[in-house]
Amino acid sequence: MSAPTETASADVHDVQRVLAGDVRAFEGIVRRWQGPLVNMAWRYCRDRGRAEELAQEAFLRAWKGLASWRGESSFSTWLFALAANVYRNDLKRVPTVMVPMEDAPEPAGPAAQHDELAERSQNELVRRAVLALPMRYREPVILYYFHEMDVGAAARTLLLPEGTVKARLARARAILKKRFPRLESEAGVGTVAHPAAKEEVLR
């Protein structure tokens, strides 16, 4: 049995145990998904402490609404969709302070690629640019590039048609390409079409 299948099976087993009255079974769900949910929250807010609080809130919502998961999608898809909604609503309430994309400097040219520090700095600039995207474009990018979901999984998580997610990913790449023209050749931002082809700069 593959790891994803084992995880999915464990999720189903723990959900059934919780709904049957074994509240301790929820600890298994938390152990499996705490890291991914905190990382996902951090991509939204760029604050570790706030990310941990948001993940806790997502787990609390999941605990309260566990019976609403009908198994029509994987438990992880349901959990990520719930978490995305929690994070999105929190950012509306307390927006993250981000530098406007127009104020972010162009990443360094190829000559700096041999300098590890310069490369890390370039990657950080791109990440900041991604986080400066409007939320409608940022969310698909976070799920598709940072969390390596395919378009279908990202669409189910965001409760959007696949065509809408594809269009928003294309628009996000176009915005980044316009702001950082060299990224198309240096990082493949303008041409990436599948998670397997993603570059480190978008991780």
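Among contacts in the protein chain between residues at least 6 apart in sequence, what percentage join residues at least 24 apart? The share is 66%, in a model that is predicted. The protein chain holds nine helices and zero strands, and buried residues make up 44% of its 203 residues.

**Overall make-up**

- Read from the N terminus on, the elements of the protein chain follow the order α-α-α-α-α-α-α-α-α, in keeping with the count of nine helices and zero strands.
- The protein chain has an accessible surface of about 10800 Å², and carbon and sulfur atoms account for 52% of that surface.

**Helix 4**

- Of the 19 residues in helix 4, 15 are buried, and this helix is therefore described as mostly covered.
- The end C-alpha atoms of helix 4 are 27 Å apart, which agrees with the 27 Å that its 19 residues should span at 1.5 Å a residue.

**Aromatic pairs**

- A pair of aromatic rings is described by the distance of the centres and the angle of the planes.
- When the whole structure is searched, seven aromatic pairs are found, and one of them is formed by Phe 26 and Phe 59, whose rings are edge-to-face, with 6.4 Å from centre to centre and 90° between the planes.
- This pair links distant parts of the chain, since Phe 26 belongs to helix 2 (residues 26-45) and Phe 59 to helix 3 (residues 48-64), with the two residues 33 apart.
- Both Phe 26 and Phe 59 are buried.
- Tyr 44 and Tyr 87 also form an aromatic pair that is edge-to-face, and here the rings are 5.5 Å apart from centre to centre, with 65° between the planes.
- The pair of Tyr 44 and Tyr 87 likewise links distant parts of the chain, with Tyr 44 in helix 2 and Tyr 87 in helix 4 (residues 75-93), 43 residues apart.
- Tyr 44 is buried, as is Tyr 87, and Tyr 87 lies in helix 4, where 15 of the 19 residues are buried.

**An aromatic cluster and a charge over a ring**

- Phe 26 and Phe 59 are joined by Trp 63 in one aromatic cluster.
- Arg 136 lies over the face of Tyr 137, at a distance of 5.6 Å from the ring centre.

Terms used
Residues numbered from 1 in each chain as written. Predicted model: local features only at pLDDT ≥ 70, side-chain atom pairs only at ≥ 80, totals over all residues. Heavy atoms only, no water. Phe/Tyr/Trp six-rings, centres within 6.5 Å; stacked < 30°, edge-to-face > 60°. Helix = DSSP H or I, 4+ residues; strand = E, 2+ residues; numbered from the N terminus. Buried < 20%, exposed > 50% of the residue type's maximum accessible area, 1.4 Å probe, protein only. Lys NZ or Arg CZ within 6 Å of the ring centre and 35° of its normal. Contact = heavy atoms within 4.5 Å. Areas by Shrake-Rupley, 256 points an atom, 1.4 Å probe, with all protein chains shown as cover. Expected span 1.5 Å × (residues − 1).
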